[in-house]
Number of protein chains: 2
Amino acid sequence: MAKQEIPYKIYLSEDELPKKWYNIKAAMKSQHEPFLNPATGKPCTADDLRPVFCDECIEQELNCTDLYIDIPEEIRNFYKMYRPSPLVRAYCLEKALGTPAEIYYKFEGNNTSGSHKLNSAVAQAYYAKKQGLKSITTETGAGQWGTALSMAAAYFDLDLTVYMVKVSGEQKPHRREVMRTYGANVILSPSDTTEAGRKILREFPGTGGSLGCAISEAVERAVTSDSCRYVLGSVLDHVVLHQSVIGLESKAAMEKYGVAPDMIIGCCGGGSNFGGLIAPFMGDKIAGKNDIEFIGVEPASCPSLTRGRYAYDFCDSARITPLAKMYTLGCGFMPSANHAGGLRYHGMSPIVSKLYHEGYMRAVAVEQTKVFEAAQMFARIEGILPAPESSHAIRVAIDEALRCKETGEKKKILFGLTGTGYFDMSAYKQFNDGTMQDTIPDDAALERGFATIPQVQENI
Amino acid sequence: MAKQEIPYKIYLSEDELPKKWYNIKAAMKSQHEPFLNPATGKPCTADDLRPVFCDECIEQELNCTDLYIDIPEEIRNFYKMYRPSPLVRAYCLEKALGTPAEIYYKFEGNNTSGSHKLNSAVAQAYYAKKQGLKSITTETGAGQWGTALSMAAAYFDLDLTVYMVKVSGEQKPHRREVMRTYGANVILSPSDTTEAGRKILREFPGTGGSLGCAISEAVERAVTSDSCRYVLGSVLDHVVLHQSVIGLESKAAMEKYGVAPDMIIGCCGGGSNFGGLIAPFMGDKIAGKNDIEFIGVEPASCPSLTRGRYAYDFCDSARITPLAKMYTLGCGFMPSANHAGGLRYHGMSPIVSKLYHEGYMRAVAVEQTKVFEAAQMFARIEGILPAPESSHAIRVAIDEALRCKETGEKKKILFGLTGTGYFDMSAYKQFNDGTMQDTIPDDAALERGFATIPQVQENI
């Protein structure tokens, strides 16, 4: 039978948009350890989480049994504005590299928020609306998540307050303006709108803020109001669940053309993009149905998988969240200020951590100058200016394709292109100017981070 | 026969990508007047244009007989990286407006350059490469065109020098950085790299530059080198030709679902987007095959069609280009400095001007605060943050859909969404802050512009 020629871009029809998310936990042979309540050291119950998160998200967070979970029609209708997203065959890149490998990427940047974050933002906003809440709140650093949530909140007519790290808001005024255009109330953090913010302002009057502080302010806002909840853009299991739409579409698109990937590569910050991309493929691998090599890529300046510890730690640097068992550099770890390439999170999704710990995937850490070299090359050859985060995956995809050139292997490589770099041009400027430096933490810096991992009694 | 349900996004397959551009001139009953050489007052010959433009572009510029012109395979391969672009059914907007009208938009912003400009940039870069040239040069103001050309030049491995209006380069450093990432040499104009630039710097040492000055520098660079040519992003007939891919795809996508538009709306700056969008539909109208209402939308602050004169004028404010018969406010006209909404060109594509002059279309001028209201509404409802330019068309599409709500008419409205507003957030900030003002030129301002239209002897 003549094989159908693969187009540059494989678009699924809207009929082929997944109707259910894929809950990788139900496919895993053992579950990651539960969140612990830091006050009691005991596993978190749904009731512990209810003042902070929406009820339905909590249910999803704790669901380890249902392999498929329905995507409500309202969310699917929103998805249809930008999904199914294209799976692109990187013909131009293959040719430029002279590799016998086939390279595919799933492009999640073709929506106004510019990244995959929208996939979970719309779900969480919908569940908040359905629960009868009036408002939601979150924090944002670089701004991808805040932008995505602004779009989702506007669509469902929810008030949204975004605590944006002050220094980020000042460095990225345009990100802030996109959120304002979508009607979000963007407050530079620390602010005088919360007790947490006022306390920090008293102690450190000139501070530029931190993600930890912004989280504290957002959570305080949520727990002090009956009609408001806090939403988070990565790390948690229900966020990985929502992001499984990436993997499901990728799988369907590849199957349509009879392509079985040999290798799947994704960037890892909090892990939700990577977890979502690999989910249905990984489920098959666990069931012995494929032998795909999964590679999580992280920055050498924030190497939680490759150099971190598998331990219980706080999800935030302010030490107010539940404790999660994950690969972590310590909740007090901060990547060098010279690090421009994103993926700055100290920890890693408990699901991804568990898969890594059990040997189902490997991880690679890459230096940012090499990442931006790959980004620039990709932009020039494939025509898409990638986000620095996504470019970590591009780097390793190129390296693997070049390896195939040496060995002659015709591997089929799939990677996740999570977003565009339109709002990251100051990082590109550093690279273009030749002033970008690599920033690999030395052992002493790692030890200082590890010292911030709490001593936890696991009462399980 | 049951009618097929129309999806949110109609994607044509890559097989359905047009193989030929549509040359509207061959469908017109009479041609626009020829360009005149300002030195002689005589029609420009191909030889007059050869030192400035690529040979094949000149041939296309002067071709009034071939209705279809082949798109070379190399250009089609580039197009495949981002085309066919989606035709979107604006279900969410229709619902929000409560209109019985059907609204469709052709979205040209889903490529890294963020606009339709890439359609002609790649064609012009290809023809330069084919001619054996080593480099091309252009000017850019807001940066859409410079970005598009940077991508095209990188793909075809051509050196590119972009003269960017100094004040724009300083206000939009990120635009500049995108071009640099694609390898373009971005020179802030006026510069000391040309005689024209040095002269202006001597006379006005602190000047922020102007588009006219940037054009002068780019043209000087082209004509003083055998291996370099100048390329232009709008106005000219061959640019309208390249942009016909927008109209051809729109027509094919609508026909696929049996939808015949009653009205087609596009924003008009230099006119290439509008001309390209309407081309094949207009050809049918001229042949008596449809009765579509065509509406060109321009800013009230730069109203060349609605308040300009139909006269021979220079295409640039530096008065170095050939003279074109077109609707113009005078080559010395400058829209108010308060105007943030793009489409600042003093003239209009000779093709569009001719069609307008002969009554095949109408034009509407809209005020920028109303444009940004529409932009914000569209962003929140349809999820795409539009470019200010594109939002002129959105404004009128919304107004027409609301008119249908009053009359009960189920008109099928198609408009062109030419690009995204990611790099226009300072204009959005003005709107979000409530500091944006409308800037309608008074009659005296128009008269000052008209006084700059040259007195030309038409030796035809």
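**Exercise 1. Work out how much of the contact map of chain A is long-range, and what the overall fold looks like in this predicted model.**

Step 1. Take the contacts in chain A with a separation of 6 or more; 77% of them link residues 24 or more positions apart.

Step 2. Now look at burial: 65% of the 460 residues in chain A are buried.

Step 3. Check the radius of gyration. A compact globule of 460 residues would come out near 23 Å, and chain A has 21 Å, so the two agree.

Step 4. Add the outline. Along the principal axes, the C-alpha atoms of chain A fill a box of roughly 65 × 50 × 45 Å. Inside that box, chain A carries 18 helices and 15 strands.

**Exercise 2. Describe the surface and the charges of chain A.**

Step 1. Chain A exposes about 16,200 Å², with carbon and sulfur atoms supplying 49% of that area.

Step 2. Count the charged side chains: there are 49 positive and 55 negative ones in chain A. The centres of these two sets lie 2 Å apart.

Step 3. Over all chains, the salt bridge count comes to 56.

**Exercise 3. Which parts does the salt bridge between Glu14(A) and Lys9(B) join?**

Step 1. Start with the distance: the closest N and O atoms of Glu14(A) and Lys9(B) are 3.4 Å apart.

Step 2. Place the partners. Glu14(A) sits in the loop between strands S1 (9-10) and S2 (20-22) of chain A, while Lys9(B) belongs to strand S1 of chain B, so this pair joins two chains.

Step 3. Check burial: both Glu14(A) and Lys9(B) are buried.

**Exercise 4. Place the salt bridge between Arg83(A) and Glu249(A) in the fold.**

Step 1. Here the closest N and O atoms are 2.9 Å apart.

Step 2. Arg83(A) is in the loop between helix H3 (73-79) and strand S4 (87-89), and Glu249(A) is in helix H11 (237-256), so the pair ties together parts 166 residues apart in sequence.

Step 3. Buried means under 20% relative accessible area. Arg83(A) has 0% relative accessibility and therefore counts as buried. Glu249(A), also at 0%, counts as buried too.

**Exercise 5. Are Glu16(B) and Lys256(B) buried or partly exposed?**

Step 1. The side chains of Glu16(B) and Lys256(B) meet in a salt bridge, 3.0 Å from N to O.

Step 2. Glu16(B) lies in the loop between S1 and S2 of chain B and Lys256(B) in helix H11, so they tie together parts 240 residues apart in sequence.

Step 3. Glu16(B), at 32% relative accessibility, is partly exposed. Lys256(B) is partly exposed as well, at 40%.

Terms used:
Residues are numbered from 1 along each chain as its sequence is written. Chains are lettered from A and ligands numbered from 1 in the order in which they are written. This is a predicted model: local features need pLDDT of at least 70, side-chain atom pairs count only at pLDDT 80 or more; totals for chains, interfaces and linings use all residues. Side-chain values use heavy atoms; hydrogens and water are left out. Helices (H or I, at least four residues) and strands (E, at least two) are DSSP runs, numbered from the N terminus. The radius of gyration is taken over C-alpha atoms; the globule rule is 2.2 Å times the number of residues to the power 0.38. Buried means under 20% relative accessible area, exposed over 50%, partly exposed in between (1.4 Å probe, protein chains only). Contact means heavy atoms within 4.5 Å. Accessible areas come from the Shrake-Rupley method with a 1.4 Å probe; for residues, only the protein chains shown count as cover. Lys and Arg count as positive and Asp and Glu as negative; His and the chain ends are not counted. The place of a charge is taken as NZ of Lys, CZ of Arg, CG of Asp or CD of Glu. A salt bridge is a side-chain nitrogen of Lys or Arg within 4 Å of a carboxyl oxygen of Asp or Glu.
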